[in-house]
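Me: Got a minute to go through this model with me? I'd like the overall picture and then some details.

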Amino acid sequence: MDAFIYDVKCKYGEPHHVTPYSDLHWEAEDTDIDAIRNSMRERSQLQNPHFLALGDIADWILPGDRRWSSNVRRKEDAPKTEHLLMDELRAQHKEFGKYPWRIFIEGNHCQTMVKFHHFNPAYEMAKLLGVPFGGVTCFLRFRFWPESEENWRHSFDFLLHHGHWGGRKAKGYLGAMDFGADWQRSGWDMFLFGHNHFKRFDPEANNGPSWNQPLDSEQEWHDYERRKIEYGRKYIIAVGTFKNAYRQADFSRWAERKGVRPAPIGAPLITLTPTRRKLKVVVSEGDV
């Protein structure tokens, strides 16, 4: 497990827009490719965009895998041999390489590729993009450096995990809450996860003592310093997917055959705006 720091050059009052993408399953038959392209194009045109990849950006189910069937992915996209894996990866890089990625982590489909084909597409894509590879779990700190100041003013800590904890909404989210609680001492501000193909973002209370704030001028000094308890907020966000199985087609898709509930497609939008006093955080569903 690794921790990374990304330094953000900023101006006070200017927003920075962070979009986490997970479970795009690029080559899968039930993936809404047009929705992905529209989302990435529109988000990249926002002021100060940042993209995070939380695993399974591509499907990576190949002929010979136990999950393979002729309608799992587009036949013309499937490499016939392992020697063509890098060719497919480069084709995906043409789609994704023009966007402002800050990190790539792997998902369960990538891990299956490692197990059966000794090839990690998330790691290779991170190398092509020139961004850190975070394994399946990592920390990412955004440090905001205002212009004309010698030191960074604010920081914002992401805990990133591809996700696990069962495919149902409640089970997946409750498992994520438990996992996030295990890492509370790290002081993360936002926990992002995917895998379960649903979108959910809830603020969690994070009250605690104001250790780093200056004392009240009227504070009575004895043997101890009395600190205030301040209200804080953390976020746990299930990122979502772009798989849309319930569309008109001549054949059934995987999610339809398995009876998976329809999921809202798209990715959340996280807006971080630095000011002199604090870092403002806004989380929204964002446009599909």
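Me: How much of the contact map joins residues at least 24 apart?
Reply: Take contacts between residues at least 6 apart in sequence: 75% of them join residues at least 24 apart. Keep in mind that this is a predicted model.

Me: How many helices and strands?
Reply: There are 6 helices and 13 strands.

Me: And what share of the residues is buried?
Reply: Buried residues account for 48% of the 288 in the protein.

Me: What about the surface: how much area is exposed, and what do carbon and sulfur supply?
Reply: About 15500 Å² is exposed. Carbon and sulfur atoms supply 47% of that area.

Me: On to the sheet. What is the strand order?
Reply: The order is β1-β5-β6-β7-β11-β8. That is an open sheet of 6 strands with mixed pairing. The edges are β1 (2-10) and β8 (199-205), each pairing on one side only. On average, neighbouring strands are turned by 20° against each other, direction ignored.

Me: Which sense do β5 and β6 pair in, parallel or antiparallel?
Reply: Antiparallel, over 8 bridges, with β5 spanning residues 137-146. One register point: Arg143 has Ser155 in β6 as its bridge partner.

Me: And β6 with β7?
Reply: Those run parallel, joined by 4 bridges. Strand β6 covers residues 154-161. Leu160 is bridged to Leu192 in β7.

Me: What does β7 do with β11?
Reply: β7 and β11 (residues 233-239) pair in the parallel sense, again over 4 bridges. Here Leu192 has Ile237 as its bridge partner. So Leu192 has bridge partners in both β6 and β11, as a strand can pair through backbone hydrogen bonds with its neighbours in the sheet.

Me: Are the faces of β7 covered or not, and by which residues' burial do you judge?
Reply: Both faces are covered. Met190 and Leu192 are buried on one side, Phe191 and Phe193 on the other. In a regular strand, side chains alternate between the two faces of the sheet.

Me: New topic: what is in the largest nonpolar core?
Reply: It has 27 residues. Those with the most contacts inside it are Tyr21, Leu24, Met40, Phe96, Trp101 and Phe104. Elements giving two or more residues are α1, β3 (49-53), α2 (85-96), β4 (101-104) and α4 (121-129). The largest share, 4 residues, comes from α1.

Me: What does Phe96 touch?
Reply: Setting aside residues up to four places away in sequence, Phe96 touches Leu24, Trp26, Met40, Ile57, Trp101, Met125 and Leu129.

Me: What about a second core?
Reply: A separate core has 22 residues, including Ile105, Cys138, Leu272 and Leu279.

Me: Now His25. Where is it, and is it buried or exposed?
Reply: His25 lies in the loop between β2 (16-21) and α1 (33-44). It counts as buried because its relative accessibility is 2%.

Me: Which residues are in contact with it?
Reply: Beyond its neighbours within four places in sequence, His25 is in contact with Thr31, Asp56, Ile57, Ala58, Asp59, His109, His197 and Lys243. With His197 there is a side-chain to side-chain polar contact at 3.3 Å.

Me: Asp30, then: where is it, and buried or exposed?
Reply: Asp30 is also in the loop between β2 and α1. Its relative accessibility is 4%, so Asp30 counts as buried.

Me: How far apart are Asp30 and Lys243?
Reply: They are 213 residues apart along the chain, yet their C-alpha atoms are separated by 5.5 Å. Their side chains make a polar contact at 3.4 Å.

Note on methods
Residues numbered from 1 in each chain as written. Predicted model: local features only at pLDDT ≥ 70, side-chain atom pairs only at ≥ 80, totals over all residues. Heavy atoms only, no water. Buried < 20%, exposed > 50% of the residue type's maximum accessible area, 1.4 Å probe, protein only. Polar contact = N/O pair within 3.5 Å; in protein donor to acceptor, adjacent residues only side chain to side chain. Contact = heavy atoms within 4.5 Å. Pairing = 2+ DSSP bridges. Areas by Shrake-Rupley, 256 points an atom, 1.4 Å probe, with all protein chains shown as cover. Axes fitted to C-alpha atoms, helices over the stretch in contact; angles between N-to-C directions. Core = buried A, V, L, I, M, F, W, Y, C linked by side-chain atoms within 4.5 Å.
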